[in-house]
Amino acid sequence: MSLIITSHDSLPYIEPAPTPTELTRIAALITSELSSTHASELHPSLPPLPSPKFSPAIAEELSRVASGKPLTGGIDLSRYEPSQPADGSSPEEYDHALASAYASSAHLQTRLTNLTLLNEFGKNAWLIHNAQLEQLLTALEEDLMLLKTECELVNKERKGLQKDVEPELRSLEEKWRRGIGRVLEVEVAAEKVRAEILSRRREKTTRV
């Protein structure tokens, strides 16, 4: 839940649009209220970001990428390459070549099995996955349409309410302006009377 609970209401349907000069002044006022680090620091109302937790292998790989070092190690592919012992090789070298050939044969057999399964079931699995994605997309589009409809209804209701009170607001605004004008007129008249009183007092003082 947001810690900012202040709500600023507005009347966009009946209020006149601000002029470019007013927009410039508004932007200047907003900028003057912002801190110098508002673009680089998070808002204090936001919760702190959780610390990432990576496994040692991922952390090591991220460190390697950050330092720009080339990729080393990984899976040893030489075990899948056929090796032919030279004539007169030791029994250990023949055993190693036999183990390498067996590993290569097992790898190829596994690949053949996977490709066979993919050829037999892959198409249907892909079609089912696409159908599921289409269903998900349809549901999201329906939700989006409902939200857009709700927004339109809220805006229409808001516009209707503002249009209904527009005459009253215009009348009150005009009365407020006339009241301010009358107050100014009274203050100007009072200042004239005050100045006239002071002037007559000075005249009496001069005569005496």
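This is a short talk on the overall form, one helix and one pocket of a protein model.

Good morning. A caution to begin: the model is predicted. Please keep that in mind as we go.

Let's start with the fold. The protein has three helices and zero strands. Along the sequence the pattern reads α-α-α. How spread out is the protein, set against a compact globule? The radius of gyration comes to 41 Å. For 208 residues the globule rule gives 17 Å. The value for this protein is well over that, so the protein is more spread out than a compact globule. The box tells you its dimensions. Taken along the principal axes, the C-alpha atoms fill roughly 145 × 45 × 30 Å.

Now burial. Of the 208 residues, buried ones make up 4%. What about contacts along the chain? Take the contacts with a separation of 6 or more: 62% of them join residues 24 or more positions apart.

Next, helix 3. This helix covers residues 91-207. UniProt, in an unreviewed entry, places a "coiled-coil region" at residues 130-164. What does the model show over residues 130-164? The chain there is 100% helix and 0% strand. The C-alpha atoms at the two ends of that stretch are 50 Å apart.

Let me pick three residues from helix 3. Gln162 sits in this helix. Is Gln162 buried or exposed? Gln162 is buried, because its relative accessible area is 5%, and the cut-off for buried is under 20%. Which residues does Gln162 touch, leaving aside neighbours within four places in sequence? The contacts are Ser10, Leu11, Pro12, Tyr13 and Ile14.

Glu166 also lies in helix 3. Glu166 is partly exposed, with a relative accessible area of 21%. Where is Ile14 relative to Glu166? In sequence they are 152 residues apart. In space, C-alpha to C-alpha, they are 6.7 Å apart. Ile14 is also one of the contacts of Gln162.

Then Arg158, again in helix 3. Arg158 is partly exposed, at 30% relative accessible area. Its partner here is Leu11, 147 residues away along the chain. The two C-alpha atoms are separated by 9.0 Å. Leu11, too, is among the residues in contact with Gln162.

Last item: the pocket. Rolling a probe the size of a water molecule over the atoms shows where empty space is left. The largest pocket has a volume of about 160 Å³. Which residues line the largest pocket? On the list are Ala57, Glu60, Glu61, Ser63 and Arg64, then Ser67, Lys69, Leu71 and Thr72. By class, that lining has four charged, three polar and two nonpolar residues.

To recap: three helices, zero strands, and a predicted model that is more spread out than a compact globule. On helix 3, keep Gln162 in view, buried at 5% and in contact with residues including Pro12 and Tyr13. Thank you.

Key
Residues numbered from 1 in each chain as written. Predicted model: local features only at pLDDT ≥ 70, side-chain atom pairs only at ≥ 80, totals over all residues. Heavy atoms only, no water. UniProt positions renumbered as here; feature names shortened; annotations may be inferred. Helix = DSSP H or I, 4+ residues; strand = E, 2+ residues; numbered from the N terminus. 1 Å grid on protein atoms, 1.4 Å probe; cavity = no way out; pocket = protein on both sides within 12 Å on 5 of 7 lines; lining within 4 Å. Points joined across faces, edges and corners; volume = space filled by probe spheres on them. Nonpolar A, V, L, I, M, F, W, Y, C, P; charged D, E, K, R; others polar. Rg over C-alpha atoms; globule rule 2.2 N^0.38 Å. Buried < 20%, exposed > 50% of the residue type's maximum accessible area, 1.4 Å probe, protein only. Contact = heavy atoms within 4.5 Å.
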